Amino acid sequence: MMNRILIFSFLLISTCCFSQERQSYSFSLEEAINFALDSNYTSINARRDIAKAIKQKWETTASGLPQIDGNISYNNNLKQPVTLIPAEFGGGESGTYIPLKFGTKQSANAVATLNQLIFDGSYLVGLKAAKTFLNYSENANEKTRLEVRKGVINSYGSVLLAEELVGIFEKNKTNLDKNLKETRAIFENGLTEEESVEQLEITLLDVETELSNARRSYAIAKQMLNLSLGIGVEIPVTLTDDLDELARQNVSLALMDASLSLDDNVDYKIANNLVSQRFLEMQLEKSKALPSLSAFVNYGTSANSETFSFFNGDQKWYQSSIFGVSMHIPIFSSGMRSASTQRHKIALDQAKTDLEQTKEQIRLNLTSARSNYQFAIDNLENSKKNLQLAERIEIKNQVKFTEGLSSSFDLRQAQTQLYTAQQMYFRAMLNVINEKANLETVLNIPELRIDHKNID
């Protein structure tokens with residue numbers, strides 16, 4: 001029976017390990033973005049920051065609500081203190097003293113105290129500050145989500161670009177291998193010069209180097225995508241979109257006319273949050289000059305005994321209770337509070353200046369993003385035309401070279417020009433995708449906010 005249990009456990013563990021090793025994902029770009037918004041490491045911590053802010057808000061609120069504290073103490077006088085009283089109180093000689101021990105050897109006390117804040121200006125400011133900090137955390141989370149989205153788009157496109165480059169370099173290498181084999185055969189038959197073979201060999205070496213580099217870049221790009229998704233870098237991920245289709249989908253001239261609302265821009269909202277925080281910090285310093293009022297009531301019981309008999313039914317306990325009100329009145333601080341208030345006033349002015357700078361920076365970012373996006377679209381069209389021209393030129397030079405009408409140097413130049421045009425075209429497609437993501441980030445499209453009520 002024990003052997004069967006061990007065999008079953010081994011098979012279960014092996015199955016679990018095997019399933020983990022076979023774990024893989026398949027994403028379109030939109031699916032990858034949605035997955036990363038939940039699983040990206042930075043996004044997870046941003047949601048935790050909101051959860052912390054929610055707890056901090058309640059922590060501040062609770063500090064002004066009733067607080068109950070309890071205290072239980074037990075004392076055992078191993079050596080009871082001795083008090084000297086004049087001997088003449090007991091009829092003794094004047095100028096002498098009699099040693100006496102007061103109280104019992106053991107005692108126990110239990111006290112419960114209720115404290116209630118009645119008025120404190122800093123508490124009221126603290127409530128507003130906690131709410132402002134929660135808003136700041138929500139806006140910071142929104143910015144994080146926008147950056148995660150943009151990062152996934154960049155990483156996803158980079159993988160597709162690297163994959164396309166590997167494919168085109170492999171195709172070019174295959175064609176060059178064929179051309180080199182044919183040219184070498186012609187040379188061996190004495191119908192062409194050795195330089196023709198050497199020119200093709202140089203071109204082939206360049207393409208092989210580029211292919212090796214593209215393969216390494218492809219492996220790195222996949223790991224970077226996994227990192228942006230929030231999964232292990234070695235886990236296989238299949239991409240279901242292709243670069244050409246994504247580039248076509250991301251050409252949107254209507255986006256160029258989209259209007260910017262500063263109130264919707266996350267950088268503006270964060271800068272505005274900082275202004276509110278600095279204002280409340282100044283108000284907090286001012287509130288420290290106001291009096292604060294609090295009240296308390298306690299109830300206690302105590303017992304005394306020569307032996308530990310506090311749990312006996314006949315032990316006598318004596319109750320006591322106190323009610324009190326206290327007021328703290330700041331009177332003179334040698335200018336400390338005034339200096340602190342002025343310091344926070346300067347910090348508030350700095351935050352307002354930063355807010356104005358943020359407004360102008362956002363407008364500049366929008367202008368720059370629109371310009372870069374328009375350039376990316378124009379460059380994509382030009383790169384496509386250049387590629388078509390380079391393909392025709394290469395084909396013509398290939399025919400001329402085969403017929404002996406052009407040199408191998410001319411063919412190599414045409415091939416190099418074609419390979420450059422291919423890379424520029426693929427990079428232009430990726431650039432359109434990335435620049436559109438940059439413009440959408442400035443415009444806060446889409447608005448990636450989450451309901452903090454759903455955060456644990």
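UniProt positions are given in the numbering used here, and annotations may be inferred rather than shown by experiment. The legends below describe a predicted model.

**Figure 1. The annotated coiled-coil region, residues 341-393.** The name "coiled-coil region" comes from the UniProt annotation, in an unreviewed entry, and covers residues 341-393. In the predicted model this stretch is 100% helix and 0% strand. The C-alpha atoms at its two ends are 75 Å apart.

**Figure 2. A salt bridge within helix α4, between K173 and D177.** The structure holds 17 salt bridges, and this view shows one of them, with 3.1 Å from N to O. Both residues belong to helix α4, which spans residues 121-188. K173 and D177 are four residues apart in that helix, so about one helical turn separates them. K173 is partly exposed, because its relative accessibility of 24% falls between the limits of 20% for buried and 50% for exposed. D177 is also partly exposed, at 31% relative accessible area.

**Figure 3. A salt bridge between helices α9 and α5, formed by R412 and D206.** The closest N and O atoms of R412 and D206 are 2.9 Å apart. R412 lies in helix α9 (residues 408-443), whereas D206 lies in helix α5 (residues 194-229). The pair therefore ties together parts that are 206 residues apart in sequence. D206 has a relative accessible area of 41% and is partly exposed.

**Figure 4. A salt bridge within helix α6, between R248 and D244.** Here the closest N and O atoms are 2.2 Å apart. Helix α6 covers residues 243-249. R248 and D244 stand four residues apart in this helix, so they are separated by about one helical turn. R248 is exposed, with a relative accessible area of 51%, whereas D244 is partly exposed at 27% relative accessibility. Elsewhere among the salt bridges, shared partners join R149, K436 and E440 into one network.

**Figure 5. An open sheet of four strands.** The strands follow the order β2-β5-β7-β8, and their pairing is antiparallel. At the edges are β2 (67-76) and β8 (318-328), each of which pairs on one side only. From one strand to the next, the twist averages 15°. Strand β7 consists of residues 292-305 and pairs with β8 in the antiparallel sense over 11 bridges. A295 has V325 in β8 as its bridge partner.

**Figure 6. A nonpolar patch on the surface.** The patch is formed by I68, L114, I118, F119, L124, L290, V297, F323 and V325. Together these residues have about 840 Å² of accessible area. Two elements, β5 (106-119) and β8, give two or more residues to the patch. The most come from β5, which gives three residues. L114 is found in strand β5 and is partly exposed, with a relative accessible area of 32%. V325, listed in the patch, is also the bridge partner of A295.

**Figure 7. Two residues with positive phi, S334 and N444.** Most residues other than glycine have a negative phi. S334 is not a glycine, and its phi is positive, near 60°. S334 is found in the loop between β8 and α8 (336-402). N444 is likewise not a glycine and has a positive phi of about 55°. N444 lies in the segment after α9. S334 is exposed, with a relative accessible area of 61%, whereas N444 is buried, at 6%.

**Figure 8. Q283 in helix α7, shown with T83.** Helix α7 spans residues 266-287 and includes Q283. Q283 is partly exposed, with a relative accessible area of 26%. In sequence, Q283 and T83 are 200 residues apart. In space, 55 Å separates the two residues, C-alpha to C-alpha.

Key:
Residues are numbered from 1 along each chain as its sequence is written. This is a predicted model: local features need pLDDT of at least 70, side-chain atom pairs count only at pLDDT 80 or more; totals for chains, interfaces and linings use all residues. Side-chain values use heavy atoms; hydrogens and water are left out. A salt bridge is a side-chain nitrogen of Lys or Arg within 4 Å of a carboxyl oxygen of Asp or Glu. Buried means under 20% relative accessible area, exposed over 50%, partly exposed in between (1.4 Å probe, protein chains only). Two strands pair if DSSP finds at least two bridges between them. Axes are lines fitted to C-alpha atoms, for helices over the stretch in contact, and angles run from 0 to 180 degrees between N-to-C directions. Patches are made of residues with over 30% relative accessible area and no salt bridge: like charges are joined within 9 Å, nonpolar side chains (Val, Leu, Ile, Met, Phe, Trp, Tyr) within 5 Å. Accessible areas come from the Shrake-Rupley method with a 1.4 Å probe; for residues, only the protein chains shown count as cover.
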